[in-house]
Amino acid sequence: MYKIKRLANLADPICRIEPNISSEELVKRINDYNVLSDKKMKTLYIHSAFREVHLHWGEKEYEIQVNYCSDPFCKNHRQPQEDYKIGKSKRYKFTGKDGSRTINCVPDPTNQMGVPTLGCYTKTFSNWSLATEIERLVRINSTVPLEPDYEFHKDDCSENQTYFENPKSFYKRGKATSKAQIVQCKSCKKYTNILPNKSQTTSYTQKRNDILLTFAEHLINRVPVSSTCKILGIGRSTYYSKLEWLYRCCLEFLEIREAKQFAKQIFPRIWLNTDMMMYYLNNVRKKGQPRTKGTVSEKQLQTQTVVTTDLTSRYVFRADIAYDWDIDFKKIEMDTLAYKDDHLPVELRKNAKYTNYSYYPMEPIVNDTQSSADYYREIQDYMLRGKYVDGLHINHTYTAMAQMFLIKQMVKTDKWRVVSDDDMVLKSAIKKVFAEEISKGRLHYFVNTFDKTLSREAAFQEYIDANKHLKNWAESNGLKEQSDYEVAIEYLRRRLAVHKFYETKVAPDGTPYNVHKSNKIEHPIAMADRGSRYIDVISDTSKVSDEHLARLITRANDNAVNAFLQEIRRSLSILERPLVTSRGDGKSYIYSNFNPKYAQMAITILRTYYNFCQPFKTYGDELTPAQRIGIAKRAYSWRDIIYKR
């Protein structure tokens with residue numbers, strides 16, 4: 001029996017996080033807080049940044065710890081902190097300040113003649129905050145059964161058993177208009193409506209059920225909110241309630257058609273294609289908040305969306321907005337009071353992912369280095385921000401890492417191939433989350449870049465020149481009859497005989513070791529809209545044959561993720577590109593939404609439709625991305641998603 005569900009909220013125990021902070025340490029923090037300056041306390045506790053956090057999700061437990069060297073070529077790669085017990089020497093030392101702190105690989109004093117460390121600098125993160133971001137992404141994409149708290153009897157009734165325990169003690173009195181079964185206690189005569197299941201009704205508590213299909217079509221066809229309301233004859237509140245209801249339908253559909261299907265399959269290899277899209281969130285005052293002398297500097301807040309697709313099938317695994325609409329300053333204040341976050345390094349803060357608002361300002365004590373003027377200036381900034389849009393932006397590196405973690409748990413494969421652009425956020429997230437796969441040679445990471453300064457005309461000319469060069473090369477090497485794809489592979493195979501993405505060095509004891517060398521190779525197949533492209537390989541390819549590497553490089557592109565990003569811009573009115581003003585002197589964001597919650601819902605709805613309902617034609621086959629990746633046997637429709645057919 002399929003129960004009616006609701007969206008999960010903060011009170012639902014979907015994930016449980018153990019930050020590994022004992023009661024003794026909390027007492028010590030309180031004592032140190034009162035006697036040490038904030039600077040000394042940060043120095044005292046900084047080494048706890050290597051402590052793992054335990055995340056309980058479903059029946060599994062995961063250790064979250066990402067503060068280690070992430071250079072695949074370094075001997076310290078993926079290694080925990082270690083005290084060499086020679087003086088004060090440890091594997092890592094901290095450099096920089098809060099917000100920009102890194103760990104530096106120090107020389108190994110126990111093996112001075114062997115393979116050296118590479119002196120890597122790796123950015124640090126809060127393991128606890130990363131765990132909370134994983135929990136957030138799980139929660140906002142989850143539904144839970146709606147369990148009403150029934151009262152079957154009056155207070156003075158002699159019966160105490162429920163209808164489910166003893167149905168014979170109740171009369172059935174027909175059904176309500178909502179398809180709910182009405183029962184009546186035989187003793188006290190109290191009437192109770194029992195919640196129907198999905199097979200009995202698909203429109204529980206929903207009015208205007210007749211507009212759902214039209215509403216869904218409007219949403220993904222760039223019809224503005226006001227126009228949809230006018231055409232369907234509904235108000236704004238009804239529009240957003242329908243949006244939330246459709247979002248829940250999509251999540252329930254994905255639980256069956258996505259999560260369960262991926263759990264059954266093992267893929268020989270998966271090509272991940274990831275990128276980020278920025279849109280502008282209108283920064284407006286909350287209802288009832290008066291104008292004040294201070295103003296928030298940005299009228300439009302840059303909001304990042306992280307998207308990851310399958311390169312081959314164009315299946316969109318996830319699309320998440322780096323914004324938490326459930327957080328408020330009261331929760332941050334309570335965490336700051338409980339854990340003394342204002343005197344701790346950012347790597348230990350529960351709310352480190354909120355960057356500028358990772359702790360709530362506390363009035364400085366005697367030993368603080370912060371002055372009273374700085375405190376009042378800081379608290380004023382918090383109060384001013386609290387008058388504007390609910391929620392807070394998240395450092396999108398945390399969102400990217402959380403997304404990669406969830407994809408890694410969802411998809412079963414032993415061979416990962418990843419393609420992204422040259423973005424430090426994405427590179428950091430992938431190298432952190434897939435550190436084990438990279439170290440074992442099960443993941444190869446390709447960075448795809450273009451010359452973004454080229455005009456469209458210049459890019460198209462590069463495309464023409466590259467095609468001519470490849471055809472001329474094929475003719476001169478007797479490969480004229482082969483396809484462009486096979487010619488490109490052979491061209492790269494010969495070049496890779498001398499072109500390496502790493503450099504081999506020799507340690508003092510004669511042991512050879514490899515170091516990454518920034519040595520991009522030009523892809524033989526250019527693109528008409530962006531011109532020539534260049535590929536760099538981040539992972540170690542020393543054990544990969546030239547022919548195999550040539551085939552991997554030839555396949556590396558970002559077409560899949562770009563196709564979905566363009567679909568977002570073209571299909572969702574609240575996320576379309578800015579309009580040029582009538583005077584031509586600026587940009588207008590009049591269609592940008594005020595609440596990222598609805599942007600997240602709209603993108604998930606579009607992702608569901610894009611994956612399961614929207615076929616595209618290649619090589620004569622017209623299939624949906626879900627059919628191409630192998631988790632669906634047919635194309636679905638809005639009726640299948642909404643009515644669970």
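**View 1. Pairing in an open sheet of three strands.** Two strands are taken to pair if DSSP finds at least two bridges between them, and in this predicted model one such pairing places Glu18 opposite His54 of strand 3, its bridge partner. Strand 2 and strand 3 (residues 53-57) run antiparallel and are joined by 4 bridges. The open sheet to which they belong has 3 strands in the order 2-3-4, with antiparallel pairing. Strand 2 (15-18) and strand 4 (60-64) each have a single partner strand and stand at the edges, so one side of each is left without a neighbour in the sheet. From one strand to the next, the twist averages 20 degrees.

**View 2. The largest nonpolar core and the surroundings of Trp638.** The largest nonpolar core holds 129 residues, and those with the most contacts inside it are Phe317, Phe612 and Trp638. Helix 6 (residues 236-264) gives the most to this core, contributing 11 residues. When neighbours within four places in sequence are left aside, Trp638 is in contact with Leu213, Ala216, Glu217 and Ile220, with Leu246 and Cys250, and with Ile605 and Tyr609. A second core, separate from the largest one, has 17 residues, including Trp271, Val419, Val544 and Ile553.

**View 3. The packing of helix 12 against helix 13.** Two packed helices are described by the angle between their axes and the distance between the axes. Helix 12 (residues 456-476) and helix 13 (residues 484-495) pack at an angle of about 80 degrees, and their axes are 10 Å apart. Because angles of 65 to 115 degrees count as roughly perpendicular, helix 12 is described as roughly perpendicular to helix 13. On the helix 12 side the contact is formed by His469, Leu470, Trp473 and Ala474, which meet Asp484, Val487, Ala488, Glu490, Tyr491 and Arg494 of helix 13. The residues of this contact between helix 12 and helix 13 divide into 6 nonpolar, 1 polar and 3 charged.

**View 4. Met404 and the residues around it.** Met404 is found in helix 9, which spans residues 396-410. With a relative accessibility of 1%, Met404 counts as buried, the cut-off for that class being under 20% relative accessible area. Not counting residues up to four places away in sequence, Met404 touches Leu272, Thr274 and Thr308, together with Ile430, Val433 and Phe434. Of these contacts, the one with Leu272 links positions 132 residues apart along the chain, and the C-alpha atoms of Met404 and Leu272 are separated by 9.7 Å.

Note on methods. Residues numbered from 1 in each chain as written. Predicted model: local features only at pLDDT ≥ 70, side-chain atom pairs only at ≥ 80, totals over all residues. Heavy atoms only, no water. Core = buried A, V, L, I, M, F, W, Y, C linked by side-chain atoms within 4.5 Å. Buried < 20%, exposed > 50% of the residue type's maximum accessible area, 1.4 Å probe, protein only. Helix = DSSP H or I, 4+ residues; strand = E, 2+ residues; numbered from the N terminus. Contact = heavy atoms within 4.5 Å. Axes fitted to C-alpha atoms, helices over the stretch in contact; angles between N-to-C directions. Parallel < 35°, antiparallel > 145°, perpendicular 65-115°, else oblique. Nonpolar A, V, L, I, M, F, W, Y, C, P; charged D, E, K, R; others polar.
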